[in-house]
Amino acid sequence: RGLRQNDKFLYPAPTMSFKLFLVCSFVLLGRPQDVLTFLQPMRPALVLTALAAGAMMFGARREELSTALSTPESKRYVLFYLIMIAGIPFAYYRRAAFEGVLEGYLVNMLFFVLLVSHVTTLQRLKSLVWVICLCTAMYSIFGGILQSESIGGGRFQVLGGVFDPNDTAYVLLSLFPLCLYFVRFNEGLLKRLVATAAICGAVATIFLTGSRGGLLALGALLLVVFLTKTSGLTMRYKILLVVVLASTFMLMRDRIDVERYLTLSDISSDYNVSSQGGRIELWRAAIDLTLAHPITGVGVNCFPFAHSLSREAAGDSYRQWAAVHNSFLQIAVEVGLIGFVVFVLINLRSVLTFFRISKIQSQPQSPETAEISALSGLMFLGFVGLLVSGFFLSQGYSTFSTLYFALAAAVGRLPAGAGTEATRGAADR
């Protein structure tokens, strides 16, 4: 394999397998099939993921695959997937569980393995982050140009109807913090302009969705930026970020449902708290079903069915199917408490990895380590946005959660992550 020399580091030249992985990542994360709906029957996400996995398996990269699967993060993730499989025979609706695990989540599993196997250098990590930046621009700007008609209340929804406005905010909150890397570091004028446009488009779209969970997640993200040094952003960039947010809000104010956001000041009267079928009622039902099926859960994607049957058994006339609207409760009720514990451990490990590596920004280090540390800080921001917004949505099986689990595993193997891990292990001994 050839090597490519630049003025700082020596990197492996990108292989065809890695390039195919980047294309696969763009389709999975940027979701062009949501905007260009004629692509949906072709199943581009499934097809490209299978091709990328095949290219890695038969492309003399089996050693890298073995190394990737031997990491603690990979072992936990594989265990989580095996627990999902084990629950299929006990599901309320076995066909839905089977399709959700062996057709739907299998793509996530392959994407995790592909990312951890391929992203083994800083240069490859930066290539992936650039693809994520393009995904952000694709979904916010291009998706905005071709958006469908606004749904009730004038809320924004990307064409295709796969994600509702709340999910759209969740997607962009997960992606846009990584675009800040190309604003902070000099990777060329083009990348800086695209990243700036992607950030502005993402923020505008988040406001237009009318997602109150999205607004809370954006607020949590800003608190992390200003109250900690995790993001690695200097005060100049922090002020610039606030100016972008404020300017975007003022320019789009006529199209933003401000009154909907103001209801957060009186949440006790909101339908989610007081009405049947609201989030509080659904969360209680999810807890009850979890306690009734603590080992295997009700089955992946089976909460609506199980909830409807439990209402029928109780003689309740209100039997409308509904999602649980909480990623953690979704895992607990559908996968069981053992799977829930594993899922929580994966999330905690990812948070700690991003936070630990981002902390070395204040220490003397090489330029390569500084960039890895900065990227980890931005990943921490994106993961905060994902967790807070996902708390109000059924996104437990999201590709974006898998993205961050895999990023934590990958960045932990790079020089900065490996160095801090070794230092910590030596201190423990």
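In the predicted model, Glu-99 is partly exposed, with a relative accessibility of 32%. The side chain of Glu-99 forms a salt bridge with that of Arg-95, at an N to O distance of 3.1 Å. Both residues belong to helix H6 (residues 94-118), where a spacing of 4 residues places them about one turn of the helix apart. Arg-95 has a relative accessibility of 57% and is classed as exposed, because this value lies over the 50% cut-off.

A salt bridge between Glu-371 and Lys-126, with an N to O distance of 3.4 Å, was also identified. Glu-371 is located in helix H18 (residues 367-390) and Lys-126 in helix H7 (residues 122-145), so this contact ties together parts of the chain that are 245 residues apart in sequence. Both Glu-371 and Lys-126 are buried. These two residues are joined with Glu-187 in a network of salt bridges.

Distant parts of the chain are likewise linked by Glu-73 and Arg-349, whose salt bridge has its closest N and O atoms 3.0 Å apart. Glu-73 lies in helix H5 (residues 72-86), whereas Arg-349 lies in helix H17 (residues 337-358), and the two are separated by 276 residues. Glu-73 has a relative accessible area of 10% and is therefore buried, the limit being under 20%. Arg-349, at 22% relative accessibility, is partly exposed. In total, the model contains 5 salt bridges, including the pairs Arg-95 and Glu-99, Glu-371 and Lys-126, and Glu-73 and Arg-349.

Methods
Residues numbered from 1 in each chain as written. Predicted model: local features only at pLDDT ≥ 70, side-chain atom pairs only at ≥ 80, totals over all residues. Heavy atoms only, no water. Salt bridge = Lys/Arg side-chain N within 4 Å of Asp/Glu carboxyl O. Buried < 20%, exposed > 50% of the residue type's maximum accessible area, 1.4 Å probe, protein only.
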